[in-house]
Amino acid sequence: MIFIIVTAILFLDQLSKFLLTRYLTANQSIPLVKGWFYLTLIHNKGAAFGILRNQAPLFISTSVFAVILIYFSLKKNKHRKLYSTALSLILAGALGNLIDRLIFGYVIDFLDLRIWPVFNIADSAITIGAILLGWEIFFKKDVS
């Protein structure tokens, strides 16, 4: 299940970024639901919300370290379904954004709700995984 989640999210993330970069130019925006949801191509050289711009070596090394930690944690705890699902989503998102940084030097973002910074599928996977992981940690009685 871990392999399927990581592969599916990574494929969707990279395919969507590939397609968007083919049809949009940087900072171009197309409304899908006018006033609410747009496709806006952003080259994010920072971290979440664009903070710490132009720190690619820091983000790459941090991502590699996180991927290694997640891999070993998944290997050790693969019997814990929700935990494994959460970490699989976080792993897929981290890999998706890491690939961007290694290839382009920035992360390709494009989902634009206009009330939140522009993000991508990898960011969504990380966020959903973090929420599930929080649920697992705070609300499960048996976390062994």
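These are my notebook entries on a predicted model of one chain.

**Ground rules**

I number residues from 1 along each chain as its sequence is written, and side-chain values use heavy atoms, with hydrogens and water left out. Since the model is predicted, local features need pLDDT of at least 70 and side-chain atom pairs count only at pLDDT 80 or more, while totals for chains, interfaces and linings use all residues.

**Entry 1: the whole chain**

I started with the secondary structure and got four helices and three strands. Helices here are DSSP runs of H or I with at least four residues, strands are runs of E with at least two, and both are numbered from the N terminus. Reading from the N terminus, I get the order α-β-β-α-α-β-α.

Next I looked up the overall dimensions. The C-alpha atoms fill a box of roughly 50 × 35 × 25 Å along the principal axes. The radius of gyration is 16 Å, which agrees with the value near 15 Å for a compact globule of 144 residues. That radius is taken over C-alpha atoms, and the globule rule is 2.2 Å times the number of residues to the power 0.38.

How much of the chain is buried? I find 40% of the 144 residues in that class. For the cut-offs, buried means under 20% relative accessible area, exposed means over 50%, and partly exposed is in between (1.4 Å probe, protein chains only).

The chain exposes about 8900 Å², and carbon and sulfur atoms supply 72% of that area. The areas come from the Shrake-Rupley method with a 1.4 Å probe; for residues, only the protein chains shown count as cover.

I also checked contacts, meaning heavy atoms within 4.5 Å. Of those between residues at least 6 apart in sequence, 62% join residues at least 24 apart.

Last for the overview, the charges: there are 14 positive and 7 negative ones, and their mean positions are 3 Å apart. Lys and Arg count as positive, Asp and Glu as negative, and His and the chain ends are not counted. Each charge is placed at NZ of Lys, CZ of Arg, CG of Asp or CD of Glu.

**Entry 2: helix 3**

I picked helix 3, residues 81-104, and found that its 24 residues reach 34 Å from first C-alpha to last, close to the 34 Å expected at 1.5 Å a residue. The expected span is 1.5 Å times one less than the number of residues. After the helix comes G105, with a positive phi near 90°.

Two residues in this helix caught my eye. G93 lies in helix 3 and is buried, at 0% relative accessible area. Leaving aside neighbours within four places in sequence, G93 is in contact with A122, A125 and I126. G93 and V6 are 87 residues apart in sequence, yet their C-alpha atoms are 8.3 Å apart.

D100 is also in helix 3, and I have its relative accessible area as 0%, so it counts as buried. Beyond four places in sequence, D100 touches Q14, K17, G105, Y106, V107 and I108.

**Entry 3: helix 1**

From D100 I went on to K17, which sits in helix 1. Is K17 buried or exposed? It is buried, with a relative accessible area of 2%. Its contacts outside the four-place window include G96, N97, D100, V107 and I108. K17 and I121 are 104 residues apart in sequence, with 8.9 Å between their C-alpha atoms.

R22 is in helix 1 too, but this residue is exposed, at 56%. I get 26 Å between the C-alpha atoms of R22 and I90, which are 68 residues apart along the chain.

**Entry 4: strand 2**

L41 is in strand 2, residues 37-44. It is buried, with 2% relative accessible area. Among the residues L41 touches, past four places in sequence, are L20, L24, A26, N27 and I108. The C-alpha atoms of L41 and A26 are 5.2 Å apart, with their positions 15 residues apart along the chain.

**Entry 5: positive phi in loops**

Most residues other than glycine have a negative phi. I noted two that go the other way.

N27, not a glycine, has a positive phi of about 70°. It is in the loop between helix 1 (2-23) and strand 1 (29-33), and at 58% relative accessibility it counts as exposed.

R114 has a positive phi near 70°. Its loop joins strand 3 (107-112) and helix 4 (121-139). With a relative accessible area of 43%, R114 is partly exposed.
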